[in-house]
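Trainee: I have this model open on my screen and would like to look closely at one part of it. Could you pick a residue and walk me outward from there, one step at a time?

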Amino acid sequence: MNESKALQSNSSIAHTDEVIIACEDGSFQKTGQKTRILRAEEAKQLSENQVLVSDFKQQKLEKEAQKNWDLFYKRNSTNFFKDRHWTTREFEELKACCKFADQKLTILEAGCGVGNCLFPLLEEDLNIFAYACDFSPRAVEYIKQNPLYDAKRCKVFQCDLTKDDLLENVPLESVDVVMLIFVLSAVHPEKMHLVLRNIYKVLKPGKYVLFRDYGLHDHAMLRFKSACKLGENFYVRQDGTRSYFFSDEFLAELFLSVGYEEMVNEYVFRETLNKKENLCVPRVFLQSKFRKPQK
Ligand SMILES: C[S@@+](CC[C@H](N)C(=O)[O-])C[C@H]1O[C@@H](n2cnc3c(N)ncnc32)[C@H](O)[C@@H]1O
């Protein structure tokens, strides 16, 4: 834990299994095994929001998933997501072993967007070689145009993780760490296992998938109005991009069904200030680590 410090849990909403961490931006985050308990009005709102988007519209959204993400990047260019400087704090596997100059860590960022995870990592650790892919051609192009992009340290390519074979761009069992950061939530739940199977092939035996994504009962889940619900814990935003909210059980079952082993699988709770509405909002993420078994 570099820039952060584990604290004693003294919050009134802390559970006994929680660890509280002070983050570099001054906020606090806790980890725990239990889902966030909803307030009565939140539970009521969720249970009332049961009408599903029609099958026809759902099929259209699935067909146009790539187009909708590409349009998202057309509108927002590289300005939407903040750089994610927390990845090495949260996942020690991302620190390359530098005992020997030729010891490199090979990573794959699956669904890399415009590089908000990728570039901070490459800057921080010179011993990393990164493969990175996304199905939005615009996002891939933004990465290539970034002044920090260096083809000697990084290979970025376009790929739909649910259907294009990663082996076309990444050698078999060559990757130490696959990062899935806020990506699986954008994939239809019935296709998530295809993504996990695809990355399984390029992972070295005994190596890891690092996962962070929206957790069940996150504030964003409660903000969806009626007519945005696609299925259980699955919603569509105004721009046609979709978001799933993960429970720890669902994720574990998904990874185990493909053959991975569970290492860590826990909720991360943060209180963040929504400056526009001057509101403190409860964010919930699921943060996990799964391993491809040793041969
Ligand atoms: C919320 S963004 C996260 C981007 C990046 N990982 C980050 O942390 O900033 C989700 C990304 O997943 C990509 N994506 C969604 N479905 C995908 C698929 N089937 N194959 C490849 N990329 C996909 C989208 O294009 C988008 O860039």
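Mentor: Happily! One term comes up straight away: a residue is called buried when its relative accessible area is under 20%, exposed when it is over 50%, and partly exposed in between. Please also keep in mind that this is a predicted model.

Let's start at arginine 212, which is found in strand β8, residues 203-214. Its relative accessibility is 2%, under the 20% limit, so arginine 212 counts as buried. What does the side chain of arginine 212 do there? It makes a polar contact of 2.5 Å with the side chain of glutamine 287. Setting aside neighbours within four places in sequence, arginine 212 is also in contact with a long list of residues, including Gln29, Trp86, Glu90, Arg270 and Phe285. Leu180, Ile181 and Phe182 are on that list too, and we will come back to Leu180.

Now follow the polar contact across to strand β13, residues 279-291. Strands β8 and β13 run antiparallel and are joined by seven bridges. To find the register on your screen, look for leucine 210, which stands opposite lysine 289 in β13. Of the 13 residues in β13, 10 are buried, so this strand is largely enclosed by the rest of the structure.

Strand β13 has another partner as well. Strand β12, residues 261-274, pairs with β13 in the antiparallel sense over 13 bridges. Here the landmark is phenylalanine 269, opposite valine 284 in β13. Strands β12 and β13 form a hairpin with four residues between them, and in this hairpin asparagine 278 takes a positive phi near 50 degrees. As background, strands of a sheet pair through backbone hydrogen bonds, either parallel or antiparallel.

Just past that hairpin turn you may notice a cysteine. Cysteine 280 is partly exposed, with a relative accessible area of 48%. Cysteine 228, by contrast, has a relative accessible area of 17% and is buried. If you are wondering about disulfides, the structure holds zero of them.

Back to Leu180, one of the contacts of arginine 212. Leu180 belongs to the largest nonpolar core, which has 78 residues; together with Leu184 and Ile199 it touches the most other members. Apart from this core lies another one, of eight residues, among them Phe72, Val114, Phe135 and Ala186. In soluble globular proteins, nonpolar side chains tend to be buried together.

Ile199 is a good place to see how the large core is put together. Leaving out neighbours within four places in sequence, its contacts are Leu108, Ala110, Leu166, Val178, Leu180, Val209 and Tyr260. Take Ala110 from that list: alanine 110 lies in strand β4, residues 105-110, and is buried at 0% relative accessibility. On the same sequence limit, alanine 110 touches Cys133, Leu161, Val178, Met179, Leu180, Val183 and Ile199. So that you can place it by distance too, the C-alpha atoms of alanine 110 and tyrosine 131 are 8.3 Å apart, with their positions 21 residues apart in sequence.

Two backbone details deserve a stop on the way. Glutamate 173 sits in the loop between β6 (154-158) and β7 (175-181), and although it is not a glycine, its phi is positive, about 45 degrees. Glutamate 173 is partly exposed, at 25% relative accessible area. Alanine 227, in the loop between α8 (219-223) and β9 (229-231), likewise has a positive phi, near 75 degrees. At 52% relative accessibility, alanine 227 counts as exposed.

That loop leads into our last stop, an open sheet of three strands in the order β9-β10-β11, with antiparallel pairing. The edge strands are β9 and β11 (242-244), each pairing on one side only. Neighbouring strands of this sheet are turned by 25 degrees against each other on average, direction ignored. Strand β10, residues 234-236, is joined to β11 by three bridges, and tyrosine 235 stands opposite serine 243 in β11. Helix α2, residues 55-63, packs on this sheet and touches β9, β10 and β11, its direction making about 85 degrees with that of β9.

Terms used:
Residues are numbered from 1 along each chain as its sequence is written. This is a predicted model: local features need pLDDT of at least 70, side-chain atom pairs count only at pLDDT 80 or more; totals for chains, interfaces and linings use all residues. Side-chain values use heavy atoms; hydrogens and water are left out. A nonpolar core is a set of buried Ala, Val, Leu, Ile, Met, Phe, Trp, Tyr and Cys residues joined through side-chain atoms within 4.5 Å. Buried means under 20% relative accessible area, exposed over 50%, partly exposed in between (1.4 Å probe, protein chains only). Contact means heavy atoms within 4.5 Å. Two strands pair if DSSP finds at least two bridges between them. Axes are lines fitted to C-alpha atoms, for helices over the stretch in contact, and angles run from 0 to 180 degrees between N-to-C directions. A disulfide is a pair of cysteine sulfur atoms within 2.5 Å. A polar contact is a pair of N or O atoms within 3.5 Å; within protein, one must be able to donate a hydrogen and the other to accept it, and residues adjacent in sequence count only if both atoms are side-chain atoms.
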